[in-house]
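Visitor: I would like a close look at a single part of this model. Please take me through that part and then place it in its surroundings.

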Amino acid sequence: MSEPILKLERVTKRFSGHVAVRELSLEVPSGGIFGLLGPNGAGKTTTLRMIMNIIVPDEGKVILFDGRKTGRGYSEQIGFLPEERGLYKKMKVVDHLAFLGETKGMKRKVAIQKAKQWLERLGLHDWTSKKVEDLSKGMQQKVQFIGTLLHDPQLVILDEPFSGLDPVNSQVMKDVVVEIARSGRTVMFSTHIMEQAEKMCDRIAIIARGEKVLDGSLTEIKRGYGKRNVALGFSNGGGRAAAAILQDRTLVSKVDDSGSTAEVELAPGAEAGRLLKALVDAGVGLVRFEVVEPSLESIFIAKVGAAAATPIASEAHHA
Amino acid sequence: MHKLWAVIRREFQTRVQSKAFVISTILGPILMGFLMVMPILMSSRDSEAKRVVVIDGAGGNFGQALERGLSESRRGNGAEAKPRYEVIRIPAQGRVQAVQDSLVPLTGLARDTVHRLDGLLIATDSGVETGVVKYLGDNVGSPSDMTTLENITQGVLLTERLQRRGVDPVLVREAASGRVQLETSKVSEGRLTGESGASSFLLAYAMAFILYLALLIYGIQVMSSVLEEKSNRIMEVLASSLTPFQLMAGKVVGVGAVGLLQLGIWVGSAMLLTSNAAAIAGLFHMPPGSVTQMPLPSISPALLIVFLAFFTVGFFLFAGLYAAVGAMCNTMQEAQQASTAVTVLVATAFFSIFSLLNDPNGSLARVFSLIPFFAPIVMPVRFSLTSIPLYEVALSFAITVLGLFGVAWIAGRIYRVGILMYGKKPSLKELFHWIRTG
C-alpha cells in the first residue's frame, strides 16, 4: 500500500447529545478509488465534512497530504462535491465556473478556459453563456461536477455523486471518475448503494451508526469471506419448491431470497455439491447454480446485521 | 486575498447586473427630475391670474384698499412676475347679499372661461371690526391660496383699522410695509461656516435620512444574500474552499460597494440636475428661477470625513449583524422576524435625531454618541449641527470601532455555525452556545 493521502485517527464528532461519528480511523492510499459506504445516517457526510474542515472534530485528527494544513488550506489540491450542492441561479454557467475556480485559487482566465473545455466534453458547450436557472437538474449537476474538477485536484471527494442522475449521465460521470483514478489521482466517494461501490472501488470502508464496520481492499475483503456463497436462479415455481431445503440449517446458514433468485451462504461444513444434490433430488427447477464471491451487501449485512442498516430512530431525529 | 477579491467581485457583479439594481438606480434620477419639473408644470397650469370680485359693502376705503392690495400681488419675483389676481370691485353698499347671490352662479364655472369668476371677497364694516372676512370661491380647499389671500387681507385690514382711528395713512403704510425675516448664519468654532440656519438643519436631516436608509437597505440586502446562499445549498461548496471570514467579509464589502455606486450615481445625478436647472427650466419655457433647487448645502471637509468614517464603520457593523441574522434563519419570513431587533436599533438612532435637532449637546445626544449602534447616525448629525470637541468625536469613533470588532467576532461565530445549519431556527440559548463554541 502506498503512502496514505488521507488519514483519520480516532475521529469523533458529537451533535447536541448524540454521536455522529465515533472514534473513526481510516487510511486512504494515494491513487485509486476509495468508497465510503454506509446506510443513510451512518455519518458519511459528517466524516467528509470533517475531512474538509468545514466542521471540526471534537476528538481525533484528520491528516491530509503531508499534514501541514487542514482541509481548507489544501483546497487548491482538493475537489469537493458536497451532498448539499447548489449553484447561484442567476449567474451564467461560465461565470459561475470561473468563480468556483477562483475560490480554488485559479486565475480567472485559466478557469474560464478550463471550464469551456469541460463543458465541451460533457456536452454542455451550448449552455456556456446561459443562466444556471435555465439548465435542467441533470445539467446543473454536471456543472457542479465540473466545478469540483476544474482545478485538476489531486484528491477528489464526492458525497453521493450519482444520486438523482439518470443512467446516461451517471455513466458519463463514472467514466470521468475512473479516468481520474487511472491518471494516478485519488477519488474518494460516499454512497449508500453497495452495488455501485462494488463495481468501481479499489478499497472501501463501511460505517454504520458512526462506527467503522469494515475496511480494506475490495478483493481482500471478499477473499476473507471465502467462496461460501451460492447464487441460485429458479425456473417457474422453483423458488417455492426450494424453500424447504433452504430452511435446512445443516446446509444453509443464511438466505437472501428474492423470489425467482436467491443468494445463500453455506452452513459451516456443508458442501456446495450437497446443496445441489438436495435441490435436484427435490425436483427444483434450476436455471442457475453458481458458487460466487459474496456481494458487498451480503457481507455488510452479515457483519452488522440488518438492524444497523437503518439508523436508530432517535439519532436520526437529531441529525 | 485573491479569494476574498473573487467573492467581492462576484457579489458586486451579480448585483449590478440584476434588474432590481438597474431599475432602482435609473428610477432615482428620474424621480428627482420629476420633483424638479413638477412645480413648473403645476405653476404653468394655474399661472392664469385669478378673477376675483370684491363686493364692496364697507364704508371708507376698505374696498378700494382690498382691490389695490390684490392687484399688486404678484406670482414669483422680479420683472417677469405676473399678477396673481384680476380684480373687479363692485360697490354694493346696502345690497351685499343681492350682489353676492347674483354672482355666485358665475363662480367656479368649469367650461365658460370667458365669464368665469374664481372667487368673491366680501368687504363689510363688520369685517373690519371683527376681522372675519367672507370669501366664496372654488379654490377654498387650497391652503396656499388661502394663506396668500389671508395675508393680503390682513395687511389691508390693519391699515384700514388704523386709518379709522385717525392715524396718518402715509405713516400707516410705512409701518405696515415689509415683514420680519431672520437672516441666519451658522457659527462653529468661532468661525462663520457659510451655512445658513435652514441649510444646516436640512443637511443634518438629509444626512440622518441617507444613513438610516442606506444602513437598512444594504444591511437587509446582505441578509437576503446570505439567506439565498443557504437556501441554494451552495454554502457548503463555498465553505470547503473559503473561510467563513472570507465569505462574510466578501459579501459585506461587495454589497457595500454596490451601495456606494448607487448612492454615487444618485448624488451625481442630483448635482447634474441642479447645475443644469436653468436649462431644464428652459425646456418648459420657464424662467430659470422657477425650478426647485435640489438642496445641496455646502459640506465642510471635516464634516465629510466624519460622515464617511461613521458611515463606513456603521455599515460594516450593521451589515455584520444582518449577515448573522441571515445565517441563523432558513426562510425570508423567519429572517424578517429575527431582523426586527437589528432594525429597531437603526430606527432608534434615526428617530433620536428629532430630539438632537433641538438639543445637539444634551445628555441624550452625549449618551447616544457613546453607544456603537447609535453613534454612526447620531455623531455625524451632531457634528453638522454644533461644534463638538475633537476628543468627543474621537471617543465616539473609537467606541464604535470597538463595537464593530465585537459584532464581527460574534457575527462571525454565528455565521460559521449557522450557514450549514438547516431546519429549526436556533433558540437564544443555542445561539449563545454557538457564539461560545463557534
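Which two strands of chain A form a hairpin with two residues between them, and which residue in the turn has a positive phi?

Guide: The hairpin is made by β8(A) and β9(A), and Arg209(A) in its turn has a positive phi of about 50 degrees. This is a predicted model, in which local features need pLDDT of at least 70, side-chain atom pairs count only at pLDDT 80 or more, and totals for chains, interfaces and linings use all residues. Residues are numbered from 1 along each chain as its sequence is written, while chains are lettered from A and ligands numbered from 1 in the order in which they are written. Helices (H or I, at least four residues) and strands (E, at least two) are DSSP runs, numbered from the N terminus.

β8(A) covers residues 203-208, and its pairing with β9(A) is antiparallel over six bridges; two strands pair if DSSP finds at least two bridges between them. Within this pairing, Ile204(A) has Gly216(A) as its bridge partner, and Ile206(A) stands opposite Leu214(A).

The hairpin belongs to an open sheet of six strands with mixed pairing, in the order β5-β6-β7-β3-β8-β9 (chain A). β5 (78-81) and β9 (211-217) of chain A each have a single partner strand, so one side of each is left without a neighbour in the sheet. From one strand to the next, the twist averages 10 degrees. Angles run from 0 to 180 degrees between N-to-C directions, with axes as lines fitted to C-alpha atoms, for helices over the stretch in contact.

Across β8(A) lies helix α1 (residues 44-51) of chain A, which also lies across β3 (32-37), β6 (155-159) and β7 (186-191) of chain A. The helix runs at about 150 degrees to β6(A). Contact here is taken between residues whose C-beta atoms, placed from the backbone, lie within 7 Å.

As for the wider model, the contact between the chains takes 19 residues from chain A and 18 residues from chain B. On the side of chain B that touches chain A, α1(B) gives the largest share, five residues. The model scores ipTM 0.73 and pTM 0.70.

Technical notes: Two residues are in contact if their C-beta atoms, placed from the backbone, lie within 7 Å.
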